[in-house]
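Student: Please give me a close look at one part of this model. I would like to begin at a single side chain and then work outward from there.

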Amino acid sequence: MADSNVVLLDFWPSSYGMRVKIALAEKGISYECKQEDLEAKSSLLLEMNPVHKMIPVLIHNAKPICESLNIVQYIDEAWKHKSSLLPSDPYKRSQARFWGDYIDKNVYNAVKRVWSGKGKEQEEWKKELIECLKRLEDELGDKAYFGGEEFGYVDVALVPFTSWFYTVETFGKLSIEDECPTLVAWAKRCMQKETVASSLPHPEQIYAFALQYKHRHGLQ
Amino acid sequence: MGSSQEEVTLLGASGSPFVCRVKIALKLKDVEYKYVEENLGNKSEQLLKYNPVHKKVPVLVHGEKPLAESLVIVEYIDETWNNNPILPSDPYQRALARFWSKFIDDKIVGASWKSVFTVDEKEREKNVAEAYESLQFLENEIKEKKFFGGEELGLVDIAAVYVAFWIPLIQEIAGLELLTSEKFPNLYRWGQEFVNHPIVKESLPPRDPVFGFFKGRYEGLFASK
């Protein structure tokens, strides 16, 4: 399948967008990345994702695919020549999808509520976040990656959020490494992969973005 | 790896649309299984052991291996038993099927449920508006097609069993007109066709007990107001 017509509509601080970038990098696909202004969405975005009007959107041969984990699965199925992201065994695949879904339902929200919240609510969400990360840490166990020996789908689903850890720790006054050392070690291991390192922004950049966001929205 | 010959058990609750999805998939594939009705007010050891994360039904146990989350289970069933495919083979079509199935979970189930089972009027109205908007997207998607999957049932049809059976049921309880032939002619037509499909018909719970159960919940909710 030709790589020539691949476009990604993205917003650089988005963990969801990062997932797609990692998947594309894993497959060695070259693509055009278009940054969206979420407060002034392009007509292309509205046309390609009329249902959710959100990034990321992958446009392949003029056809849009939406929802980050859906896009990751699509990339895995459309480009089979290397770096399989989902395992071949149906049961292991189902487990990968289960944990991808779990991460979707729990991580983003908890991360956001901790860095943008305050007071009692923030404390509650800190507990939620740590509980969620500990559960994921349990699932990881002593494996190198969530999928086992190889970096895969669940790693792709989770690792982008680690670029937000510094922001969460600073605003939330907590240490994720203290609470989840194995998970943080896993994150560092992932970051040694070129495909991951080149797809994630620096944690300081995320922090600067969050600071600016809080200022603009009066969330000091 | 789960062989097609290993024992299959489904932990479920008869009123659950999510359990129904799995029943339809198993029936479509002609898989024999043991069904265990869970009392959700008093969850079994087995359920808590097999789904420690969410503690919910459905849970499919194949051999000794548990699976949770209805759409994850349906895809697993599709990949383990190859007859009567549920997902298309083309990657783009598969992506569309997954998109719309997730859409139903994210944008239709919650909003439509809260359109009925919410005491606060303003909150309820907000959910009604959201439900209408979401149903319109689905209406535009089904168009003239027999099923979302085309000529045969597919993943989206299975996911949308909630729309075909549960929405008409709960809207009747609340005296709300969410899914009607006037408002959503294509979707309504699809729903009628779908609930009468032989596989689906055999997988749906009997209406009266489910209606009675949710009506009781509804009345209880508003009685305490």
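**From one lysine outward**

Tutor: Let's start with A:Lys105, which is partly exposed because its relative accessible area is 46%. Please keep in mind that this is a predicted model. A:Lys105 forms a salt bridge with B:Glu69, and their closest N and O atoms are 2.9 Å apart. The lysine sits in helix H4 of chain A while B:Glu69 belongs to the loop between strand S4 (65–68) and H3 of chain B, so this pair joins two chains.

Now follow the charged side chains across to chain B. A:Arg93 and B:Glu79 meet through their side chains in a salt bridge, at 3.0 Å from N to O. That pair also crosses between chains, running from helix H4 of chain A to helix H3 (residues 70–80) of chain B. Both A:Arg93 and B:Glu79 are buried. You can add A:Arg97, which is salt-bridged to B:Glu75 with 3.2 Å between the closest N and O atoms. In total, 7 salt bridges are counted between chain A and chain B, while the count over all chains comes to 28.

Let's widen the view to the whole contact. Across the interface of chain A and chain B, 11 residue pairs are in polar contact, both residues being at pLDDT 80 or more. Three elements give two or more residues to the side of chain A that touches chain B: strand S4 (63–66), helix H3 (68–78) and helix H4 (90–116). H4(A) gives the most, with 12 residues. Sorted by class, this side of chain A has 12 nonpolar, 5 polar and 10 charged residues. The contact takes 27 residues from chain A and 26 residues from chain B. About 2500 Å² is buried between chain A and chain B, and carbon and sulfur atoms give 64% of that area. In chain A, the residues that lose the most area to chain B are A:Val51, A:Tyr91 and A:Phe98, together 24% of what that side buries.

What about the backbone on the way to this contact? A:Pro56, in the loop between helix H2 (43–48) and strand S3 (57–60) of chain A, follows a cis peptide bond from A:Ile55, with omega near -5°. Chain B has a cis bond as well, from B:Val57 to B:Pro58, with omega near 5°. B:Pro58 lies in the loop between helix H2 (45–50) and strand S3 (59–62) of chain B. Most peptide bonds are trans, and most residues other than glycine have a negative phi. Against that background, look at A:Asn61, whose phi is near 50°, in the loop between S3 and S4 of chain A. A:Glu67, in the loop between S4 and H3 of chain A, has a positive phi too, near 80°. A:Asn61 counts as partly exposed because its relative accessibility is 37%, whereas A:Glu67 is buried, with a relative accessible area of 17%.

Helix H4 also leads into the interior of chain A. A:Phe161 touches A:Ile103, A:Val107 and A:Tyr108, among others, when residues up to four places away in sequence are not counted. This phenylalanine lies in the loop between helix H6 (153–158) and helix H7 (165–172) of chain A, and it counts as buried at 1% relative accessibility. The setting is a chain with 11 helices and 4 strands, of whose 220 residues 55% count as buried. Among contacts in chain A between residues at least 6 apart in sequence, 71% join residues at least 24 apart.

For a pairing inside chain A, turn to A:Glu179 and A:Lys134, whose side chains meet in a salt bridge at 3.1 Å, N to O. A:Glu179 is in helix H8 (residues 176–179) and A:Lys134 in helix H5 (residues 119–140) of chain A, so this pair ties together parts that are 45 residues apart in sequence. Both partners are partly exposed: A:Glu179 has a relative accessible area of 34%, and A:Lys134 is at 35% relative accessibility. Back at the contact between the chains, salt bridges that share partners join A:Glu77, A:Arg93, A:Arg97, B:Glu75, B:Glu79, B:Arg94 and B:Arg98 into one network.

Technical notes:
Residues are numbered from 1 along each chain as its sequence is written. Chains are lettered from A and ligands numbered from 1 in the order in which they are written. This is a predicted model: local features need pLDDT of at least 70, side-chain atom pairs count only at pLDDT 80 or more; totals for chains, interfaces and linings use all residues. Side-chain values use heavy atoms; hydrogens and water are left out. Contact means heavy atoms within 4.5 Å. Buried area is the accessible area (1.4 Å probe) that two parts lose on being put together, summed over both. A salt bridge is a side-chain nitrogen of Lys or Arg within 4 Å of a carboxyl oxygen of Asp or Glu. A polar contact is a pair of N or O atoms within 3.5 Å; within protein, one must be able to donate a hydrogen and the other to accept it, and residues adjacent in sequence count only if both atoms are side-chain atoms. Ala, Val, Leu, Ile, Met, Phe, Trp, Tyr, Cys and Pro count as nonpolar, Asp, Glu, Lys and Arg as charged, and the others, Gly among them, as polar. Buried means under 20% relative accessible area, exposed over 50%, partly exposed in between (1.4 Å probe, protein chains only).
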